[in-house]
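Trainee: I would like a close look at a single part of this model, with the rest brought in afterwards for context.

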Amino acid sequence: MVMGDFHATTIVAVRRSADDICIGGDGQVTMGEKTVMKHGAKKVRKIYKNTVLTGFAGSVADAFTLTEKFEKKLEEHAGNLKRAAVALAQTWRSDKVMRNLQALMIAVDKESLLVISGNGEVIDPDQGFIAIGSGGNYAHAAAYALFNNTDMTAEQIVRESLNVAASICVYTNDNISIEKL
């Protein structure tokens, strides 16, 4: 599953097992269609007592707002990722201010890998990987091939998928940030 019309980023998450989980993103921030504003942005992080990895595609300010709200939902639901994701999606869809936020979020923990969107969707992909953002289609294709045809670790798949996307997508660079559980 690949989602996103958002320029300026690519995020990939891979969950091989409860002990082999990784998320990564490129560092490019693009203003409009033609200007790279930053090369080393960090769009992935650990939250909720370092038990959940998140990554976002879309507006940076909107993504920070969503990450903060998501961490509050995780607190409210004692770290239950699925319940917190559904609660965030419901709030995001129904709240007048949040409804205008332009971003997608990936969240992963030892049990689940999810994409959360502003139209109320919480998507659990069919396999243990997901990619979003401008280079998401390229990264997803690479992750699919590597996940299903190699014994590479989650981190190796994330890195290689992002490198493939960076070599094709003008909105993705090879300044990669990685977080692992």
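How many residues lie between E6 and E7 in the hairpin that they form, and which residue in the turn has a positive phi?

Mentor: Bearing in mind that this is a predicted model, the hairpin formed by E6 and E7 has four residues between its strands, and the residue in the turn with a positive phi is Tyr 48, at about 45°. Strand E6 covers residues 44–47 and strand E7 covers residues 52–58, and the two run antiparallel, joined by four bridges. Within this pairing, Val 44 stands opposite Gly 55 in E7.

The hairpin can be followed into the interior through Val 52, a residue of E7, which belongs to the largest nonpolar core, a set of 19 residues in which Val 52, Leu 66, Phe 70, Leu 74, Leu 81 and Ile 116 touch the most other members. The elements that give two or more residues to this core are helix H1 (60–76), helix H2 (81–94), strand E8 (103–108) and strand E9 (113–117), and H2 gives the most, with six residues. As for Ile 116, its contacts, leaving aside neighbours within four places in sequence, are Phe 70, Ala 85, Leu 88, Ala 89, Trp 92, Leu 104, Met 105, Ala 107 and Glu 121. A second, separate core has 16 residues, among them Val 12, Val 14, Ala 131 and Ala 143.

Helix H1 also holds Glu 75, which counts as partly exposed because its relative accessibility is 48%, a value that falls between the 20% and 50% cut-offs. The C-alpha atom of Glu 75 is separated by 21 Å from that of Lys 180, a residue 105 places apart from Glu 75 along the chain.

Note on methods. Residues are numbered from 1 along each chain as its sequence is written. This is a predicted model: local features need pLDDT of at least 70, side-chain atom pairs count only at pLDDT 80 or more; totals for chains, interfaces and linings use all residues. Side-chain values use heavy atoms; hydrogens and water are left out. A nonpolar core is a set of buried Ala, Val, Leu, Ile, Met, Phe, Trp, Tyr and Cys residues joined through side-chain atoms within 4.5 Å. Buried means under 20% relative accessible area, exposed over 50%, partly exposed in between (1.4 Å probe, protein chains only). Contact means heavy atoms within 4.5 Å. Two strands pair if DSSP finds at least two bridges between them.
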